[in-house]
Amino acid sequence: MTLHRKLKNSYKKFILTPYIPIILILTRSIIEKTLFRFPREICELKYDHALIISIAFGEDGSTDGTIEKAKLIIDELKASGFRNISFYHFDIDKQVSGDWRNIHQRNQQYKRRQHLAKARNLLLKNALSDQDYVLWIDSDIGDLPQDIIQQLLFAKKDIVNPSCLFKQGRTVRNYDKNLWRETPLSLEKQMKMPANYLVIEGYGSTSRIYLPDLRGEGRIVPLNCVGGCTLLVQATCHREGLDFPETLFDHHIETEGLAKKAKTMGYSVYGMPFVEVFHF
């Protein structure tokens, strides 16, 4: 029996409280500008740190000293009661037309998102064992509710996202445009697309509905797509083969491809428009 299960059974046997799921937190990569802010967000989570059994970081090719500085994050998290923290260095070719300076241009997105999918899948392969849920958190999240795990677990869905926003002065805007629901018009457009066409939101007008615009439907709403800023996935889904497509899956890739694949596998994909995280 693994340590995770022994701890789970001890909680069920000796503590007179409802069973609480064991969580694995995965962060695809860490960036230097958030090296010290990000662990504070994790340390302030109100979910029992003894039940966040594993935290794993990936690093996919940086040359800015991030690897050395990541050791400081690990020490800080260990001091806050987290039991098992891992750091993986993935040697993935991250060249996108020669460099990363123009990674947000539309014509760079297939290679960029393919790279991100590979990094996520490698992290998942190395870190997942028998936890109950995987919580994906990007390291450039700047404001994470302390009860984010409890709020996402409340949905009782296979896959669930909060809204991911950012603040621009006094204005709050939608940041993660991978959180959306299809419309008849968006589906009609896809029917006419070449098989190798990559659909990416945020590069012009949209015929889809973004998660923050679905508040009128309630606290938990069905989606067709998810993003990776903060994403809770039942670990069973991953163990049964749900990964981040590294090539096109129904015109989508990476997190959007994961959601499309999840739908074909019969998993539920939902969002919580009133639960908000803020991008750095």
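This report walks through the fold, cores, ring contacts and cysteines of a predicted protein model.

Some ground rules. The model is predicted, so local features need pLDDT of at least 70 and side-chain atom pairs count only at pLDDT 80 or more, while totals for chains, interfaces and linings use all residues. Residues are numbered from 1 along each chain as its sequence is written, and side-chain values use heavy atoms, with hydrogens and water left out.

**Confidence and overall makeup**

pLDDT is the predictor's confidence in each residue, on a scale from 0 to 100. Its mean for the protein is 87, and 87% of the residues reach 70 or more. The weak patch to flag is residues 11-16, where pLDDT stays under 50 and the model has 5 contacts beyond four places in sequence; a contact means heavy atoms within 4.5 Å. Where pLDDT is low, the predicted coordinates should not be read in detail.

The protein has 8 helices and 12 strands. These are DSSP runs numbered from the N terminus, with helices being H or I over at least four residues and strands being E over at least two. Of the 280 residues, 53% are buried. Here buried means under 20% relative accessible area, exposed means over 50%, and partly exposed is in between, using a 1.4 Å probe and protein chains only. Among contacts with a separation of 6 or more, 80% come from residues 24 or more positions apart.

**Two cores**

A nonpolar core is a set of buried Ala, Val, Leu, Ile, Met, Phe, Trp, Tyr and Cys residues joined through side-chain atoms within 4.5 Å. The largest one here has 38 residues, and I25, I42, I52, I55, L77 and I149 have the most contacts inside it. At least two residues each come from β1 (23-27), α2 (37-43), β2 (54-59), α3 (66-79), β4 (133-137), α5 (148-154), β6 (159-168) and β12 (269-279). Apart from this core lies another, of 35 residues, including L128, L211, V226 and V269.

Take I25 as a close-up: leaving out residues up to four places away in sequence, I25 touches I42, L45, I52, S54, I55, A56, L135 and I137.

**Around helix α8**

Helix α8 (residues 254-264) is mostly covered, with 9 of its 11 residues buried. The buried set is E254, T255, E256, G257, L258, A259, K260, K261 and A262, so charged residue types are in there too. The buried residues of α8 pack against α4 (109-127), β6, β8 (180-181), α6 (184-191), α7 (235-239) and β12. Just after the helix, G266 takes a positive phi of about 90°.

**F38 and the aromatic pairs**

Rings of Phe, Tyr and Trp (its six-membered ring) pair if their centres lie within 6.5 Å; planes under 30 degrees apart count as stacked, over 60 as edge-to-face and the rest as tilted. By this rule there are 4 aromatic pairs. Two of them are tabulated here.

| Pair | Centre to centre | Angle between planes | Class |
|---|---|---|---|
| F38 and F57 | 6.1 Å | 80° | edge-to-face |
| F166 and Y175 | 5.9 Å | 80° | edge-to-face |

F38 and F57 link distant parts of the chain, with F38 in helix α2 and F57 in strand β2, 19 residues apart. Both F38 and F57 are buried, and F38 has a relative accessible area of 2%. Neighbours within four places aside, F38 is in contact with T27, F57, I137, D138 and S139. F38 and I141 sit 103 residues apart in sequence, yet their C-alpha atoms are 7.1 Å apart in space.

The other tabulated pair has some exposure: F166 counts as partly exposed because its relative accessibility is 23%, and Y175 counts as partly exposed at 37%.

What about E44, in the loop between α2 and β2? E44 is partly exposed, with a relative accessible area of 39%. E44 and D147 are 103 residues apart in sequence and 9.1 Å apart in space, C-alpha to C-alpha.

**Charges over rings**

A charge sits over a ring if NZ of Lys or CZ of Arg is within 6 Å of the ring centre and within 35 degrees of the ring normal. R120 lies over the face of F244, at 5.4 Å from the ring centre, and R208 lies over the face of W180, at 3.5 Å.

**Cysteines**

How many disulfides does a search of the whole structure find? It turns up 0, with a disulfide taken as a pair of cysteine sulfur atoms within 2.5 Å. C164 is in none, and the nearest cysteine sulfur, that of C229, is 3.1 Å away. C164 counts as buried because its relative accessibility is 1%, and C225 counts as buried at 0%.
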